[in-house]
Amino acid sequence: MENTLTIGLTLFLTLCVDISEAVGRKEGPHGENTQKRLAGSSDNKGGRCSYTFIVPQQKLTGALCLNTQSSTANHSEVAALRLELVQQQEQLEKLRGQLEQEGSLAMEVRALRKESSSMNSRIAQLYGQLLHEVMHKKDQALEQRRVENLLLNATTQALQVSSNYRELEKKYGALTSILSSQNQFIARLEKQCQCRGSSQASLVGTNEMTNDVQRDQSAPPRQQDKTAHYIPSTTAHTPTDSPFISFPVTKNPGPWRDCQHVLDSGETASAIYLLRPQSTNRLLQAWCQQSHAQGGWTVIQRRQDGSVNFFRTWEQYKQGFGNLDGEYWLGLEHLYWITRQAQYKLRVTLEDWQGRQVFAEYDSFHLEPENDWYRLRLGQYSGNAGDSLSWHNNKAFTTLDRDKDSYTGNCAHYQKGGWWYHMCAHSNLNGVWYRGGHYRSRYQDGAYWAEFHGGSYSLKRISMMIKPI
């Protein structure tokens with residue numbers, strides 16, 4: 001039904017339009033006036049419709065009009081539209097600004113991405129270098145552990161060698177004691193049979209054995225005719241017990257208190273005399289030097305040819321050893337009792353391998369008893385040799401088996417002798433007698449006086465003498 005009404009309305013509108021066009025074309029000579037009248041009538045009757053439509057089967061209360069004229073523009077709507085347009089333009093400008101900002105941000109992002117890429121490549125390079133360094137450090141750590149293991153093994157071997165050396169030193173001490181006992185036995189046999197020639201030969205052979213440790217290895221072997229002039233003795237307890245030493249013929253048979261007492265008794269010959277210090281029944285023999293520096297000197301130590309080994313034990317240094325008419329050490333115990341009698345002075349005479357002779361003299365000299373380790377007490381120095389003994393003043397005596405020095409190790413072990421060591425020595429007159437002066441050794445173990453040619457020069461002749469003031 002609705003489709004039929006729509007078709008009917010369309011046909012009616014088409015018919016009305018055609019009729020109006022036909023009326024317009026049939027205007028005669030008065031058509032213009034007619035048109036004008038129509039226009040004038042339309043102007044006068046503006047409230048009426050230009051066309052009238054009759055819609056069938058519709059209940060309408062009034063006429064259905066269609067206005068084909070353009071409606072008058074609404075100013076408020078235009079203003080609203082313009083305002084909206086301005087707002088849209090402002091929004092458009094804001095969007096354009098935001099777009100420009102986002103463009104700059106996009107540029108920065110691209111730059112950051114590029115920088116990040118370069119940083120990533122740099123980090124990868126640094127990681128590779130770090131990995132290389134780590135591997136290198138690991139190799140170094142392995143090498144260090146290997147070196148530490150080698151060092152540990154070497155230290156263990158050194159300790160083992162040191163232990164073996166100490167055992168050898170003990171064996172050497174035992175052998176020295178055996179040789180001393182043999183020497184005493186031989187001396188008693190010599191007294192019984194009075195076989196001077198054969199006993200000298202046997203004792204020389206024994207002394208050669210005991211002196212191998214300290215003797216200068218570069219020294220040529222001594223001839224038998226030279227060794228016949230002295231009788232070696234290496235006994236530990238009776239070192240000066242030499243039965244075939246020729247004593248000078250004296251007016252007074254002795255014994256004397258010291259060599260000054262011998263000189264005062266009218267004996268002016270330098271020789272071996274029998275002494276007995278006051279306040280003791282101890283008898284000892286000593287060489288008295290009567291022709292040097294007004295005489296009266298008791299020789300307590302002499303070095304001249306390297307024939308006697310001075311690398312000895314505490315007991316041997318206490319009792320004395322050597323040959324009274326050659327190289328010998330008087331003995332710490334004898335020296336203690338002698339220096340108790342009066343105030344003594346000490347004179348040290350030195351000679352180098354060019355024949356130059358110097359001396360050092362100290363205006364007081366004595367030793368403390370054994371319970372204070374024969375501590376050295378010295379006075380003021382004078383002389384031309386230089387003072388190399390005052391550094392040892394107030395120091396205890398040290399040997400290989402009695403370490404009383406201030407050094408962490410045993411100075412006697414390094415210096416190869418017995419002395420009043422400190423840390424360790426400025427003088428070492430009981431060290432190794434090296435031939436020729438300057439010597440090469442792992443340690444400064446020569447018979448030296450530091451102020452006279454230094455510690456690497458072994459002196460040719462040494463003599464220590466004491467005399468009462």
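How many helices and strands are there in the protein? There are 9 helices and 10 strands, where helices (H or I, at least four residues) and strands (E, at least two) are DSSP runs numbered from the N terminus.

## Basis of the model

This is a predicted model, in which local features need a pLDDT of at least 70 and side-chain atom pairs count only at pLDDT 80 or more, while totals for chains, interfaces and linings use all residues. Residues are numbered from 1 along each chain as its sequence is written, and side-chain values use heavy atoms, with hydrogens and water left out.

## Confidence

The pLDDT, the predictor's confidence in each residue on a scale from 0 to 100, averages 79 over the protein, and 70% of the residues score at least 70. Among the elements, strand S6 (residues 344-351) has the highest mean pLDDT, 98, and helix H5 (residues 224-227) the lowest, 35.

Two stretches have a pLDDT below 50. Residues 195-213 form one of them, with 38 contacts in the model beyond near neighbours in sequence; a contact means heavy atoms within 4.5 Å. Residues 215-246 likewise have a pLDDT below 50, and this stretch has 77 contacts beyond near neighbours in sequence. Where pLDDT is low, the predicted coordinates should not be read in detail.

## Overall packing and surface

Of the 469 residues, 36% count as buried, that is, under 20% relative accessible area, with exposed meaning over 50% and partly exposed in between (1.4 Å probe, protein chains only). The protein exposes about 28600 Å², of which carbon and sulfur atoms supply 54%; these areas come from the Shrake-Rupley method with a 1.4 Å probe, and for residues only the protein chains shown count as cover. Among contacts with a separation of 6 or more, 56% are between residues 24 or more positions apart.

For residues 78-105, an unreviewed UniProt entry lists "coiled-coil region"; UniProt positions are given in the numbering used here, feature names are shortened, and annotations may be inferred rather than shown by experiment. In the model this span is 100% helix and 0% strand, and its end C-alpha atoms are 40 Å apart.

## The nonpolar core and helix H8

A nonpolar core is a set of buried Ala, Val, Leu, Ile, Met, Phe, Trp, Tyr and Cys residues joined through side-chain atoms within 4.5 Å. The largest such core has 64 residues, and those with the most contacts inside it are Leu-346, Leu-350, Phe-365 and Trp-449. Leaving aside neighbours within four places in sequence, Phe-365 is in contact with residues including Ile-300, Leu-335, Thr-339, Leu-346, Leu-376 and Ile-466.

Helix H8 (residues 332-339) is largely enclosed by the rest of the structure, because 8 of its 8 residues are buried. Among these buried residues are Leu-335 and Thr-339, both of which are in contact with Phe-365. The polar or charged names in H8 include Glu-333 and His-334, which are also buried.

## The loop between S9 and H9

Asn-410 lies in the loop between S9 and H9 and, at 14% relative accessibility, counts as buried. A polar atom of the Asn-410 side chain lies 3.4 Å from the backbone oxygen of Thr-399 and one lies 3.0 Å from the backbone oxygen of Leu-400. Beyond neighbours within four places in sequence, Asn-410 is in contact with Thr-398, Thr-399, Leu-400, Asp-403 and Asp-405.

Tyr-407 is found in the loop between strand S9 (381-383) and helix H9 (411-415) and is partly exposed, with a relative accessible area of 35%. The C-alpha atoms of Tyr-407 and Met-423 are separated by 4.9 Å, although these residues are 16 apart along the chain. With neighbours within four places set aside, Tyr-407 is in contact with Tyr-414, His-422, Met-423 and Cys-424.

## Backbone geometry and a buried serine

A cis peptide bond, with omega of about -5°, joins Met-423 and Cys-424; Cys-424 is in the loop between H9 and strand S10 (461-468). His-453, also placed in the loop between H9 and S10, is not a glycine yet has a positive phi near 80°, and is partly exposed at 35% relative accessible area. Trp-373 has a positive phi of about 60° without being a glycine; Trp-373 lies in the loop between strand S7 (357-367) and strand S8 (376-378) and is partly exposed at 26%.

Ser-307, in the loop between strand S3 (297-303) and helix H7 (314-319), counts as buried at 1% relative accessibility. The Ser-307 side chain makes a polar contact with the side chain of Asp-305 at 2.7 Å. A polar contact is a pair of N or O atoms within 3.5 Å; within protein, one must be able to donate a hydrogen and the other to accept it, and residues adjacent in sequence count only if both atoms are side-chain atoms.
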